[in-house]
Amino acid sequence: MLFDERPKVNRSDLFDRERELNELKEKLDKPLLLLTGIRRIGKTSVLNVFLNESKTPFILIDARSLKRNYSVEDLYKLIARSLSSSLSNIYEVLKNIKRIKILGNEIEIAWRGKDYVSLSELFDELNSKRVIVAVDEAQLLRGPNSIEIKNAIAHSYDYNRNITFILTGSEAGLLYQFLGIKDQNSPLFGRSYHEVKLERFDKETSKRFLEKGFSEANFNVEQKIIDEAVDEFDGIVGWLTYFGSRWISGLRDINEVKKIAISIAKSEIINACRGRSTRLLTALKCIAKGSDSWSSLRSCIESVEGRTISSSVLDNVIRSLEDLSLIKAYSFLDKIYAEAAKEV
Ligand SMILES: Nc1ncnc2c1ncn2[C@@H]1O[C@H](COP(=O)(O)OP(=O)(O)OP(=O)(O)O)[C@@H](O)[C@H]1O
Ligand SMILES: [Mg+2]
């Protein structure tokens with residue numbers, strides 16, 4: 001079902017994205033692949049479909065379940081859980097690793113004590129067979145304890161020919177920061193990667209997506225509504241799916257659907273900026289209300305705050321918003337987010 005709101009798993013439910021799936025397949029001999037794109041563009045869906053179709057055993061780690069400033073213990077628990085849920089794919093690889101215990105469907109790994117196995121050692125063991133290690137939303141691995149996983153990826157990159165890492169990220173700037181490819185102090189300094197970028201659907205593809213989704217659900221929807229939805233949701237497949245799903249479950253008012261989408265986006269913006277300066281929210285609001293240049297953004301923030309701000313502070317604000325993949329060149333990457341930012 002195209003309008004199923006969960007990330008897709010099967011190719012039959014995935015619309016388009018042939019090119020991206022082929023690109024991942026072709027580049028699977030590389031040690032490090034990135035799958036990037038803004039929120040709701042379909043990263044998890046493409047990753048799931050790719051992994052399920054690939055004949056290669058894989059582990060899928062969902063970094064969203066890590067809390068900010070996670071501990072080493074949290075990291076190991078996440079890896080253990082990920083290994084457990086990938087057990088059917090990877091049993092043959094894991095069963096010979098002495099310091100990993102397989103208890104029924106669960107994996108136990110120790111992060112200290114005599115049975116301790118470091119992540120680098122774990123990857124060395126996994127390397128006995130061809131394996132994909134996929135991390136969804138890998139920028140969330142940033143934090144005071146990220147060195148452990150970064151060292152392990154760097155070590156594996158250099159020594160383990162059988163392992164390919166696929167990292168997704170909706171905040172591409174933060175993902176590059178996490179990897180630190182250009183940072184001399186990062187263990188991954190100077191390594192190369194291949195990046196597959198997921199772009200929004202063009203108008204024609206968005207239209208075909210909605211038409212196919214409605215026809216699959218046996219709904220006849222006026223062309224006018226489809227065209228309006230194509231304009232409002234701007235090629236972002238997650239919003240198009242959300243619209244289709246709401247519509248078939250009875251909410252037949254596009255403005256109402258949009259309102260809910262905006263409120264979801266609002267809480268996501270607040271969440272993304274949590275723990276950072278409130279100036280980021282002020283800047284987003286200014287941009288949403290029309291500040292479309294460096295100087296107009298500066299005067300808008302200054303007028304809201306009632307004080308002058310330095311050039312370097314403003315540059316940092318802009319960079320942070322770009323790293324969060326909220327804006328580029330003073331405009332929002334998602335129209336719904338632009339609407340939501342007016343209300344933050
Ligand atoms: N190619 C596609 N065909 C059909 N539905 C899709 C496609 N790509 C994504 N979707 C739908 O769009 C929504 C968002 O997809 P998904 O969660 O994969 O995106 P994402 O980029 O991982 O989002 P996030 O950044 O929030 O993690 C889901 O409802 C999913 O089912
Ligand atoms: Mg996702």
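This report walks through the ligand site, the aromatic residues and one helix residue of a predicted model.

## Reading the model

Residues count from 1 along each chain as its sequence is written, while chains are lettered from A and ligands numbered from 1 in the order in which they are written. Because this is a prediction, local features need pLDDT of at least 70 and side-chain atom pairs count only at pLDDT 80 or more, with totals for chains, interfaces and linings using all residues; side-chain values use heavy atoms, leaving out hydrogens and water.

## Around ligand 1

Let's start with the ligand. Its shell holds 25 residues (a residue is near if one of its heavy atoms lies within 4 Å), and E5, R6, K8, K43 and S45 come nearest. By class, the shell has eleven charged residues, eight nonpolar and six polar. Here Asp, Glu, Lys and Arg count as charged; Ala, Val, Leu, Ile, Met, Phe, Trp, Tyr, Cys and Pro as nonpolar; and the others, Gly among them, as polar.

Oxygen atoms of the ligand make polar contacts (N or O atoms within 3.5 Å). A polar side-chain atom of R39 lies 2.9 Å from a ligand oxygen. Polar backbone atoms take part too: that of R40 is 3.1 Å from a ligand oxygen, and that of G42 is 2.9 Å from one. Taken alone, ligand 1 exposes 630 Å², and the protein buries 94% of that (Shrake-Rupley method, 1.4 Å probe). The elements giving two or more residues to the shell are α2 (43-53) and α10 (237-248), where helices are DSSP runs of H or I with at least four residues and strands are E runs of at least two.

## Aromatic residues

The structure holds twelve aromatic pairs (ring centres within 6.5 Å; planes under 30 degrees apart are stacked, over 60 edge-to-face, the rest tilted). Y76 and Y116 form a tilted pair, because their centres are 6.4 Å apart and their planes stand at 35 degrees. This pair links distant parts of the chain, 40 residues apart: Y76 sits in helix α3 (residues 72-85) and Y116 in the loop between β4 (106-108) and α5 (119-126). Y76 is buried at 1% relative accessibility, whereas Y116 is partly exposed at 30% (buried is under 20%, exposed over 50%, partly exposed in between).

One aromatic cluster is formed by F3, F15, F201, F209, F214, F233, F243 and W247. R40, met above at the ligand, also lies over the face of W239, 3.9 Å from the ring centre (the cut-offs are NZ of Lys or CZ of Arg within 6 Å of the centre and within 35 degrees of the ring normal).

## A residue in helix α9

E228 belongs to helix α9 (residues 223-233) and is partly exposed at 29% relative accessibility.

Definitions and conventions: Polar contact = N/O pair within 3.5 Å; in protein donor to acceptor, adjacent residues only side chain to side chain. Phe/Tyr/Trp six-rings, centres within 6.5 Å; stacked < 30°, edge-to-face > 60°. Buried < 20%, exposed > 50% of the residue type's maximum accessible area, 1.4 Å probe, protein only.
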